[in-house]
Amino acid sequence: KHPALAALIAAAQGELLFTSEMARSAVMYSQASELARQAGLIRLAIMSACNAGVALQKLGALDAAASNYDWAVSRARKTAWPVMIAFTLIRLGELLRHLNRLEQSQQVLEEAGKFVGEVIAPLNRDGDEIGAQWEGGAVTMPPGFKAAYQSFWQSGWPALASSTEDGGQGLPTVLEAMLYEMLSAANMGWTMAPGLLHGAYE
């Protein structure tokens with residue numbers, strides 16, 4: 001098999017096994033990450049390493065989980081992709097919470113600031129000057145709003161302080177409050193969307 005195809009298959013197997021066979025899921029995700037690195041699929045390699053870390057953490061293999069997260073964070077930083085960096089740091093933050101090392105959650109806030117500054121804040125002007133448009137019975141958001149929202153949820157920010165039982169990160173609520181302070185200051189119009197979503201969750 002070509003490494004790229006094998007990586008995708010292994011990642012899919014890891015997902016399918018996650019709820020029923022956690023140990024095998026961790027193995028498949030680890031294999032997916034290694035194969036993805038060989039194939040040059042950096043995003044898949046990073047995400048699979050994080051998913052392997054989640055499975056290992058649930059199995060109680062905290063050192064192995066930390067090793068996966070550390071590699072993922074390091075590699076994500078090299079890509080300079082805000083969404084990928086945020087994704088890895090949120091996973092690392094969950095492990096730190098589990099280990100009662102909340103002081104290191106400062107990393108999460110630093111990446112939140114970068115994400116807000118680089119992705120959300122630049123949309124504020126178009127949000128004011130163009131705004132949402134109603135045409136033909138449909139609403140069209142200002143340029144960039146949809147892509148920013150997709151980046152926001154794909155990197156895990158909406159579930160920062162949500163219960164782990166509901167698929168959230170279970171991090172301290174104060175981190176979420178600080179995140180929304182940044183978002184509101186940068187682009188209040190855009191922030192109304194995830195704000196409403198979290199209100200529905202509560």
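# Exercises on packing in a predicted model

Val54 sits in helix H3, which covers residues 42-58. The model is predicted.

## Exercise 1: Val54 in helix H3

Task: decide whether Val54 is buried or exposed, then list what Val54 touches beyond four places in sequence.

Solution.
1. Take the relative accessibility of Val54, 17%.
2. Apply the cut-off: buried means under 20%. Val54 therefore counts as buried.
3. List the contacts. Leaving out residues up to four places away in sequence, Val54 touches Phe18, Tyr69 and Arg91.
4. Add a backbone distance. Val54 and Glu94 are 40 residues apart in sequence, and their C-alpha atoms are 9.2 Å apart in space.

## Exercise 2: Two buried polar residues

Task: for Ser33 and Thr88, find the helix, the burial and the contacts beyond four places in sequence.

Solution.
1. Place Ser33. Its helix is H2, residues 22-39.
2. Check its accessibility. Ser33 has a relative accessible area of 1%, so Ser33 is buried.
3. List its partners. Not counting residues up to four places away, Ser33 touches Ala45, Ser48, Ala49 and Trp71.
4. Add a distance. Ser33 and Arg43 are 10 residues apart along the chain, with 9.3 Å between their C-alpha atoms.
5. Turn to Thr88, found in helix H5. Its relative accessible area is 0%, so Thr88 is buried.
6. List the partners of Thr88. With residues up to four places away left out, these are Ile46, Cys50, Ala72, Val73 and Ala76.

## Exercise 3: The largest nonpolar core

Task: which residues of the largest nonpolar core touch the most other members, and which element gives the most to this core?

Solution.
1. Start with the count. The largest nonpolar core has 21 residues.
2. Pick out the members that touch the most others: Ile120, Phe152, Trp157, Leu160, Leu179, Leu183 and Trp190.
3. Map the core onto elements. Those giving two or more residues are helix H5 (82-98), helix H6 (106-120), helix H8 (145-154) and helix H9 (173-186).
4. Rank them. H6 gives the most to this core, with six residues.
5. Take one member in detail. Leu160 touches Ile90, Val108, Gln169, Gly170, Leu171, Leu175, Glu176 and Leu179, not counting residues up to four places away in sequence.
6. Look beyond this core. Another core of 20 residues lies apart from it, and its members include Met22, Ile46, Cys50 and Val73.
7. Set this against a general trend. In soluble globular proteins, nonpolar side chains tend to be buried together.

## Exercise 4: Aromatic pairs of Phe115

Task: how many aromatic pairs does the structure hold, and why is the pair of Phe115 and Phe152 classed as tilted?

Solution.
1. Count the pairs. The structure holds four.
2. Take the geometry of Phe115 and Phe152. Their ring centres are 6.2 Å apart, and their planes meet at 35°.
3. Use the cut-offs. Planes under 30 degrees apart count as stacked and over 60 as edge-to-face, with the rest tilted. At 35°, this pair is therefore tilted.
4. Locate the partners. Phe115 lies in helix H6 and Phe152 in helix H8, so the pair ties together parts that are 37 residues apart in sequence.
5. Check burial. Phe115 is buried at a relative accessible area of 1%. Phe152 is buried at 0%.
6. Move to another pair, Phe115 with Trp157. Here the centres are 6.3 Å apart, the planes are 40° apart, and the pair is tilted.
7. Locate this pair too. Phe115 is in helix H6 and Trp157 in the loop between H8 and H9, 42 residues apart. Both Phe115 and Trp157 are buried.
8. Assemble the group. One aromatic cluster is formed by Phe115, Tyr149, Phe152, Trp157 and Trp190.

## Exercise 5: Ala186 and the surface

Task: contrast Ala186 and Val139: which is buried or exposed?

Solution.
1. Place Ala186 in helix H9. Its relative accessibility is 14%, so Ala186 counts as buried.
2. List its contacts. Beyond four places in sequence, Ala186 touches Val116, Ala121 and Asn124.
3. Add a distance. Ala186 and Leu123 are 63 residues apart along the chain, and their C-alpha atoms are separated by 8.8 Å.
4. Place Val139 in strand E2, residues 138-140. Its relative accessible area is 52%, so Val139 is exposed.
5. Find its surroundings. Trp134, Val139 and Met141 make a nonpolar surface patch of about 370 Å².

Conventions
Residues numbered from 1 in each chain as written. Predicted model: local features only at pLDDT ≥ 70, side-chain atom pairs only at ≥ 80, totals over all residues. Heavy atoms only, no water. Patch = residues over 30% accessible without salt bridge, like charges linked within 9 Å, V, L, I, M, F, W, Y side chains within 5 Å. Areas by Shrake-Rupley, 256 points an atom, 1.4 Å probe, with all protein chains shown as cover. Salt bridge = Lys/Arg side-chain N within 4 Å of Asp/Glu carboxyl O. Helix = DSSP H or I, 4+ residues; strand = E, 2+ residues; numbered from the N terminus. Buried < 20%, exposed > 50% of the residue type's maximum accessible area, 1.4 Å probe, protein only. Core = buried A, V, L, I, M, F, W, Y, C linked by side-chain atoms within 4.5 Å. Contact = heavy atoms within 4.5 Å. Phe/Tyr/Trp six-rings, centres within 6.5 Å; stacked < 30°, edge-to-face > 60°.
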